[in-house]
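Biologist: I would like to learn how to read the packing of helices and the meeting of chains in a model like this one. Could we begin with the terms and then turn to the case itself?

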Protein chains: 2
Amino acid sequence: MIAETQIAQFDSLTLDNGVTLRDITVAYETYGALNEARTNAILIEHAFTGDAHAAGIDHEGKPGWWANMIGPGKAFDTDHYFVLCANVLGGCRGTTGPSTVNPATGKPYGLAFPGITISDMVRLQKLLIDHLGIPKLLAVAGGSMGGMQVLEWAVAFPDAVEACLPIATTARHSAQQIAFNETGRQAIMGDPDFQNGNYYGGALPARGLSVARMVGHITYMSDESMREKFGRRLRDRQDFSYGMDVDFEVESYLRYRGNQFVGRFDANSYLYITKAMDYFDLASGFPSLAVALERARSRFLVISFTSDWLYPSYQSQEIVNALRSRNHDVTYCELSSNYGHDAFLVDVGEQTEIVRGFLARCVREFRSLEAVR
Amino acid sequence: MIAETQIAQFDSLTLDNGVTLRDITVAYETYGALNEARTNAILIEHAFTGDAHAAGIDHEGKPGWWANMIGPGKAFDTDHYFVLCANVLGGCRGTTGPSTVNPATGKPYGLAFPGITISDMVRLQKLLIDHLGIPKLLAVAGGSMGGMQVLEWAVAFPDAVEACLPIATTARHSAQQIAFNETGRQAIMGDPDFQNGNYYGGALPARGLSVARMVGHITYMSDESMREKFGRRLRDRQDFSYGMDVDFEVESYLRYRGNQFVGRFDANSYLYITKAMDYFDLASGFPSLAVALERARSRFLVISFTSDWLYPSYQSQEIVNALRSRNHDVTYCELSSNYGHDAFLVDVGEQTEIVRGFLARCVREFRSLEAVR
């Protein structure tokens, strides 16, 4: 199926920092059909550098980032569900972000873009869901930063979501997670081409953004998956260079992925979205995570992966324990995988079975908004 | 005790890459006294960014990097042992490296410095040991890259070392370890001030070197030690900046440590020494690590730390298993610590007891070079 990116426009959104953002565009894609009762909609949340193109193939033939999970007969079965995915606020793939032209100045926002949060992203998605005429989502699902948005949906709009699937995620960014993000930000802001964020139309802060992405890639893989994929294999050579050239396959791979990223992602979006992740703490303003989750009304399927050291299983278990302490309907699966944090994207065999079964139960037991009220 | 850095000069050293390096300076410090039989010398190997100042305090009052382990009554007891430590080849703290003036050109080597290996570092140390008239070392000890040098000593000069103490280290750099190093190198070489290594006398590649150090710092700590030290505490503020300022303590700490590093370490040394680590594979040229270690004649004490994810315990266990398979005298201790890779530097209580006991046995059972022959 060819996926068409669609556009929705909203007049304004008041952000957590008090600023009102105006003339907001949201890019989104949908797959499958909304049923007459409007009870089969599933919102997919993308991770940090993802976008609205979650499934199918686009006009350039590029498959969606979760095409192995979304489609006819797949975990999120588009023969039965109406699946949608929107680029997040602050992004650079169609939704308003720092690279968007500021209507007040006629120039891209750059660092004049207001600071955003995971909660802001989710409130904008709620406007989209309302705009599409969906009273209650069957499910909200996503991995990594997508999982943070799922958790935020559960507490911000408890009556609007039947089931929540936070995957390979956390209820709050840890010091180590903040530290990795800060390293990427410093690499970008230290690039002279960054020009305090006003690089549009000129040279991009390519070296800084590339280094930021290299660090990211290491954290997305596991020690073991890197050993399996690269080991100590040399790249197109029989002996060491004894210089600063590429010696090892893994060096070549990281340089390639870093450079490739520059062509598809905006450095200012990198800054704003990593800050939003770092700010995320679902328990903020509450005595505990359990109290924060008291207001949730959804069923939960929480998934983590054994080799994921960026969002380790203990962080998922904190969510599960908090939910259980408030007697929520929660299923937890720690899946065995060597792929590290990337597992939720690439190692989807077991994940597919578990999601499929969980969604089937949620369909059977769907509580309409009216029934809940 | 005030530690005095001493200097030794050597005419030449032929490196693994075939190049002969000339007019080599080695900076070293010694603590305690060499006994008449010359059987109480312990060579301490420093880690990546360490230097010869391992113990005591220098003229500015700065303690050595392992002052908690070396001194009267400490693990390496200078009342009994003659302890010495030399800055490595390629370093920037007194020993010849890329910031040294090339006698052939009258300018600093920069990237004209030849590529080096852990083996080259160790062969230069052997020249120093010969120069000091020490026929056989009681022990060679070090953590991280220091441990790699220890292992290299064991196979390169098996008759010249009674005991080897490789700590928090590996017999070969993994793809993940290479990847982290490559990220740092790209950060440095991507800095426009790097000027292809010819930055001496001009602006330093400070931003790149600082980012490289930030990445390093994250890998030296553990998730848990970062949580304990910083958590999500904000830095001198009550609410988020919603901009790109420092919000969290951990961001402030990393920026500070990154900037501080620029003042004490040379970017070209960073490149050369990380390459030497990445090249390190003790089993290279042998059918297996066990075969490589067959030639060793030392006793071994191998130490790793539970929370060290940069040099995880399994890498120490590979060394131990290879040694045991060849019936070597080996003791292995996995010490419980939350401090991550930094544990060998900062969490030295148990380490002290274990090293002290091991060294006492090595003194009792010391096999003189003559006795071995």
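Modeller: Let us start with handedness: a crossing is called left-handed if the near helix is turned anticlockwise from the far one by less than a right angle, and right-handed if the turn is clockwise. Please keep in mind throughout that this is a predicted model.

Biologist: Which handedness does the crossing of α6(A) and α3(B) have?

Modeller: The crossing of α6(A) and α3(B) is right-handed. Helix α6 of chain A covers residues 249-262 and helix α3 of chain B covers residues 175-189, and the two pack at an angle of about 50 degrees with their axes 9 Å apart. That angle makes α6(A) oblique to α3(B).

Biologist: Which residues of α6(A) and α3(B) make the contact?

Modeller: From α6(A) come Val250(A), Glu251(A), Leu254(A) and Arg255(A), while α3(B) brings Ala175(B), Ile178(B), Ala179(B), Glu182(B), Thr183(B) and Gln186(B). Sorted by class, this contact of α6(A) with α3(B) has five nonpolar, two polar and three charged residues.

Biologist: How should I then read the contact between the chains as a whole, and how many residues does it take from chain A and from chain B?

Modeller: The size of an interface is often given as the accessible area lost when the parts come together. Here I can offer residue counts: the contact takes 44 residues from chain A and 44 residues from chain B. On the side of chain A that touches chain B, at least two residues each are supplied by α3 (175-189), α4 (206-220), α5 (223-229), α6 and α7 (267-279) of chain A, and the largest share, eleven residues, comes from α3(A). By class, that side of chain A has 24 nonpolar, nine polar and eleven charged residues.

Biologist: What rotation superposes chain A on chain B?

Modeller: A rotation of 180 degrees, with 0.0 Å of shift along its axis, superposes chain A on chain B with an RMSD of 0.0 Å. The two copies are therefore related as by a two-fold rotation axis. The same surface serves both copies, in that 100% of the contact residues of chain A recur in chain B.

Biologist: Into which domains is chain A divided?

Modeller: Chain A is divided into domain 1, made up of 6-174 + 281-372, and domain 2, which spans 177-275. The C-alpha centres of these two domains of chain A lie 26 Å apart, and 25 residues of domain 1 are in contact with 20 residues of domain 2. The side of domain 1 of chain A that touches domain 2 has, by class, eleven nonpolar, 13 polar and one charged residues.

Conventions
Residues numbered from 1 in each chain as written. Chains lettered and ligands numbered in written order. Predicted model: local features only at pLDDT ≥ 70, side-chain atom pairs only at ≥ 80, totals over all residues. Domains from an automatic or database assignment. Contact = placed C-beta atoms within 7 Å. Nonpolar A, V, L, I, M, F, W, Y, C, P; charged D, E, K, R; others polar. Axes fitted to C-alpha atoms, helices over the stretch in contact; angles between N-to-C directions. Helix = DSSP H or I, 4+ residues; strand = E, 2+ residues; numbered from the N terminus. Parallel < 35°, antiparallel > 145°, perpendicular 65-115°, else oblique. Least-squares fit on C-alpha atoms with pLDDT ≥ 70 in both.
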